[in-house]
Amino acid sequence: MRRVQTMSADTARLIALAAQGFADPRPAAPTRRHLQRVLGRTKLLQLDSVNVAVRAHYMPVFSRLGDYPVGLLDDAAWEPSARKPRLLVEAWAHEASLVPVEDWPLVHSGAKRQGWWVGYGKLAEDSPGLVDDVLAVVAESGPIGAGAIERALVAPEKRQRGPWWDRSEVKRMCEYLFGMGRLATGTRRGFERLYDLTERVVPAEVLGRQVGPEEGARGLVARAAGALGVGTETDLRDYYRLPPARSRQAVAELVEAGELEPVAVEGWAAPAYRHVGAATPRKVTGRALLCPFDPLVWERARTERIFGFRYRIEIYVPEAKRVHGYYVFPFLLDGRLVARVDLKADRAAGALLVQGAYAEPGVERGRVAVELAAELRCMAGWLGLSGVRVMGRGDLAAELGVLAAG
């Protein structure tokens, strides 16, 4: 019978932080090599349309590297060159995400359940000519946006008008072909996805690698375990949004292969699994602001279990009912989540607005305020903003306002 090791909750927290790259020192001058190190830790970056402070995919890199040129990430994902080949491609992974190019076969192996776009499959069945037409336009003109594809195929008087969710048949077909892997994102203009044929985005040697659902699930769970360090089966499953039965089978196979080690974490109700390559630092120091879509905190139950930090995103909560604010960033200091701030980039005024600032119970508020103010100034500079302005909400706001202005 396999022996199950018991570890403390603190040990599990340190393992999780190291796995996500928070035990690595920030470089003085971040380079493409440092970006690759971050990607090796997180395995993916979630994309999200909200831009109240900064686009979600840029922030986890800042959280780990500090003030880095965002062109590093843009080049890696959307502006490759002969000298700097593409490192990342877009795919439905956790949600809409950037994943390493080499992981494309795993994501499209059939291991994952198909996403919301699968509902457009009937349109593809009923309109095979539309599939061919969309692919033909992309082949001729890509990278190209869905609107431009529609203009090439549909007479002006027949184009659908309305809000963004009122998708035309052409736009639905683009989403479907992207989800199925027949189209890929060649580049982006602003935040608009410009479609291209997958074979012009993903290298032939990667695209030609055949991976079945079981192998794909093992690969994705192994990557999730590497990114999390230690986690329950549910944690591992959530990282790439795998179906429960397939995830459980993959976990069992990885345990049998010796890649995952069953462990019991004190205070955790469910069994856990530690990646055999996970490091256990003696301590984690340093600071970081975390966006709501950072993989360290995006699974809220895990965040509460590891850090004792109850975190909810309140974007869709009516303003009067919000507890902490619209777009709240947890603040990590020396391996603990010690505060949270509601941030907005006021680009017209050139200021990073702190619309609310709240300390966690029992923290050393003076030191938290000093470190948080310094990190906010660093973030403002990275965003090209001239300073930080703290508003009145929250028990940390007054002290933080004095420090952030200095």
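How many residues lie between S12 and S13 in their hairpin, and which turn residue has a positive phi? Four residues separate the two strands, and Gly-350 in the turn has a positive phi of about 70°.

This is a predicted model, in which local features need pLDDT of at least 70, side-chain atom pairs count only at pLDDT 80 or more, and totals for chains, interfaces and linings use all residues. Residues are numbered from 1 along each chain as its sequence is written, and side-chain values use heavy atoms, with hydrogens and water left out.

**Strand S13 and its partners**

Helices (H or I, at least four residues) and strands (E, at least two) are DSSP runs, numbered from the N terminus. Two strands pair if DSSP finds at least two bridges between them. Strands of a sheet pair through backbone hydrogen bonds, either parallel or antiparallel.

Strand S12 covers residues 336-346. Eight bridges join S12 to S13, and the two run antiparallel. Within this pair, Val-341 stands opposite Ala-357 of S13.

On S13 there is also a parallel pairing. Strand S14 (residues 387-390) pairs with S13 over four bridges. Here Leu-352 has Val-388 of S14 as its bridge partner. Helix H15 (residues 365-382) joins S13 and S14 in a right-handed β-α-β unit. Right-handed means that, with the strands pointing away from the viewer, the path from the first strand over the helix to the second runs clockwise.

Is S13 (residues 351-359) largely enclosed or open? Eight of its nine residues are buried, so S13 is largely enclosed by the rest of the structure. Buried means under 20% relative accessible area, exposed over 50%, and partly exposed in between (1.4 Å probe, protein chains only).

**A three-stranded open sheet**

Another sheet is open and has three strands, in the order S2-S4-S3, with antiparallel pairing. Strand S2 (45-46) and strand S3 (88-92) stand at the edges with a single partner strand each, so one side of each is left without a neighbour in the sheet. S2 and strand S4 (residues 96-100) pair over two bridges. Leu-45 stands opposite Leu-98 in S4.

**A covered helix**

Helix H12 spans residues 233-240 and is mostly covered, with seven of its eight residues buried. Those buried in H12 include the charged-name residues Glu-233, Asp-235, Arg-237 and Asp-238. Leu-236, Tyr-239 and Tyr-240 are buried there too. Just after H12, Arg-241 takes a positive phi of about 55°.

**Domains, cavity and pocket**

Domain bounds come from an automatic or database domain assignment. The assignment gives domain 1 (5-110 + 212-275), domain 2 (116-206) and domain 3 (312-405). The centres of domain 2 and domain 3, taken over C-alpha atoms, are 39 Å apart.

Cavities and pockets are found on a 1 Å grid over the protein atoms alone. A cavity is a set of points where a 1.4 Å probe fits but cannot get out. A pocket is an open set with protein on both sides within 12 Å along at least five of seven lines. Lining residues have an atom within 4 Å of a point. Grid points are joined across faces, edges and corners, and a volume is the space filled by probe spheres set on the points.

The whole structure has one cavity of 30 Å³ or more. The largest cavity holds about 30 Å³ of space. Its lining consists of Gly-21, Asp-24, Arg-37, Val-38, Arg-41, Arg-64 and Leu-65. Helix H2 (32-42) and helix H3 (59-65) each give two or more residues to this lining. H2 gives the most, with three. By class, the lining has two nonpolar, one polar and four charged residues. Ala, Val, Leu, Ile, Met, Phe, Trp, Tyr, Cys and Pro count as nonpolar, Asp, Glu, Lys and Arg as charged, and the others, Gly among them, as polar.

The second largest pocket has a volume of about 360 Å³. Of its 17 lining residues, Lys-112, Arg-113, Gln-114, Gly-115 and Trp-117 lie nearest its centre. Six lining residues are nonpolar, seven polar and four charged. Domain 1 and domain 2 each supply at least three of them.

**Two exposed glycines**| Residue | Loop between | Relative accessibility | C-alpha to C-alpha distance |
|---|---|---|---|
| Gly-190 | S5 (183-189) and S6 (192-197) | 74%, exposed | 19 Å to Leu-385 |
| Gly-277 | S9 (272-275) and S10 (287-289) | 59%, exposed | 35 Å to Arg-200 |
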